[in-house]
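The following exercises concern a single protein chain. Please attempt each task with the sequence and structure in view before reading its solution.

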Amino acid sequence: MSATADHAEERTNPAGRLGFQPGQVVQEIGYDDDVDQELRQTIEEAVEGDLMDEDYDDVADAVVLWFRDDDGDLTDALVDATTYIEEGGAILLLTPKTGRSGYVEPSDISEAATTAGLTASKSVSVGKDWSGSRLATPKAAKSKR
């Protein structure tokens with residue numbers, strides 16, 4: 001019975017659907033006034049701790065990257081984000097949904113992720129204004145660097 005309850009919670013809790021787990025260190029990049037505070041709170045609840053800001057200078061288990069079309073080069077932002085995470089870690093790329101200010105084309109996300117050496121494993125709606133793409137660093141590619 002608890003397995004069913006856990007599965008139901010994963011469907012309704014975006015942080016759970018995206019793989020955040022208790023004890024993980026999660027660094028947040030690109031925070032601004034427009035971010036989804038409810039999503040931030042669910043991630044903090046899932047990891048049972050605060051999100052680390054851009055000044056955090058240790059290795060994180062995952063990175064939450066809020067990115068808008070006018071934030072610069074997405075490939076550069078993704079490459080920079082990979083320097084903050086553990087081998088095999090994930091980047092949750094959050095972009096505004098279609099029709100919202102700062103919207104990023106899915107083809108741009110796919111191209112930037114590929115160029116940065118990341119693989120997209122999951123894309124999900126994470127709020128009324130934001131979409132999330134879970135990008136993973138391949139362990140084998142990371143260890144060759």
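A pocket, as the term is used here, is an open set of grid points with protein on both sides within 12 Å along at least five of seven lines. Its volume is the space filled by probe spheres set on the points. The model is predicted.

**Exercise 1. Describe the largest pocket: its volume, its lining and the elements that supply the lining.**

Solution.
Step 1. The space in the largest pocket comes to about 160 Å³.
Step 2. Its lining consists of 15 residues. Nearest the centre lie Gln-24, Asp-61, Ala-62, Ala-90 and Arg-134.
Step 3. Two strands, β2 (60-66) and β3 (85-96), each contribute at least two residues to this lining. The greatest contribution is that of β3, with seven residues.
Step 4. By residue class, the lining holds seven nonpolar, four polar and four charged residues.

**Exercise 2. Characterise the chain as a whole: its elements, its buried share and its contacts.**

Solution.
Step 1. The chain contains six helices and five strands. Read from the N terminus, their order is α-α-β-α-β-α-β-α-β-β-α.
Step 2. There are 145 residues, and 41% of them count as buried.
Step 3. Among contacts with a separation of 6 or more, 75% join residues 24 or more positions apart.
Step 4. The exposed surface of the chain is about 8100 Å², of which carbon and sulfur atoms supply 46%.

**Exercise 3. Is Phe-20 buried or exposed, and which residues does it touch beyond its neighbours in sequence?**

Solution.
Step 1. Phe-20 is located in the loop between α2 (14-17) and β1 (26-29).
Step 2. Phe-20 counts as buried because its relative accessibility is 10%, and the cut-off for buried is under 20%.
Step 3. With residues up to four places away in sequence not counted, Phe-20 touches Ala-15, Val-26, Ile-43, Ala-46, Val-47, Ala-62, Val-64 and Leu-92.
Step 4. One of these partners, Ile-43, is 23 residues from Phe-20 along the chain, yet their C-alpha atoms are separated by 6.8 Å. Another partner of Phe-20, Ala-62, is among the residues nearest the centre of the largest pocket.

**Exercise 4. Place Thr-42 and Thr-95 in their elements and state which residues each contacts.**

Solution.
Step 1. Thr-42 belongs to helix α3 (residues 37-47), whereas Thr-95 belongs to strand β3.
Step 2. Thr-42 is classed as buried because its relative accessibility is 16%. Thr-95 is likewise buried, at a relative accessible area of 4%.
Step 3. A polar atom of the Thr-42 side chain lies 2.8 Å from the backbone oxygen of Leu-39.
Step 4. Neighbours within four places in sequence are left aside for both residues. Thr-42 is then in contact with Asn-13, Pro-14 and Ala-15. Thr-95 is in contact with Phe-67, Val-104, Ile-109, Asp-129, Trp-130 and Ser-131.

**Exercise 5. What is notable about the phi of Glu-48, and where does this residue lie?**

Solution.
Step 1. Most residues other than glycine have a negative phi.
Step 2. Glu-48 is not a glycine, but its phi is positive, at about 60°.
Step 3. Glu-48 lies in the loop between α3 and β2.
Step 4. Glu-48 counts as exposed because its relative accessible area is 64%, and the cut-off for exposed is over 50%.

Terms used: Residues are numbered from 1 along each chain as its sequence is written. This is a predicted model: local features need pLDDT of at least 70, side-chain atom pairs count only at pLDDT 80 or more; totals for chains, interfaces and linings use all residues. Side-chain values use heavy atoms; hydrogens and water are left out. On a 1 Å grid over the protein atoms alone, a cavity is a set of points where a 1.4 Å probe fits but cannot get out, and a pocket is an open set with protein on both sides within 12 Å along at least five of seven lines; lining residues have an atom within 4 Å of a point. Helices (H or I, at least four residues) and strands (E, at least two) are DSSP runs, numbered from the N terminus. Ala, Val, Leu, Ile, Met, Phe, Trp, Tyr, Cys and Pro count as nonpolar, Asp, Glu, Lys and Arg as charged, and the others, Gly among them, as polar. Buried means under 20% relative accessible area, exposed over 50%, partly exposed in between (1.4 Å probe, protein chains only). Contact means heavy atoms within 4.5 Å. Accessible areas come from the Shrake-Rupley method with a 1.4 Å probe; for residues, only the protein chains shown count as cover. A polar contact is a pair of N or O atoms within 3.5 Å; within protein, one must be able to donate a hydrogen and the other to accept it, and residues adjacent in sequence count only if both atoms are side-chain atoms.
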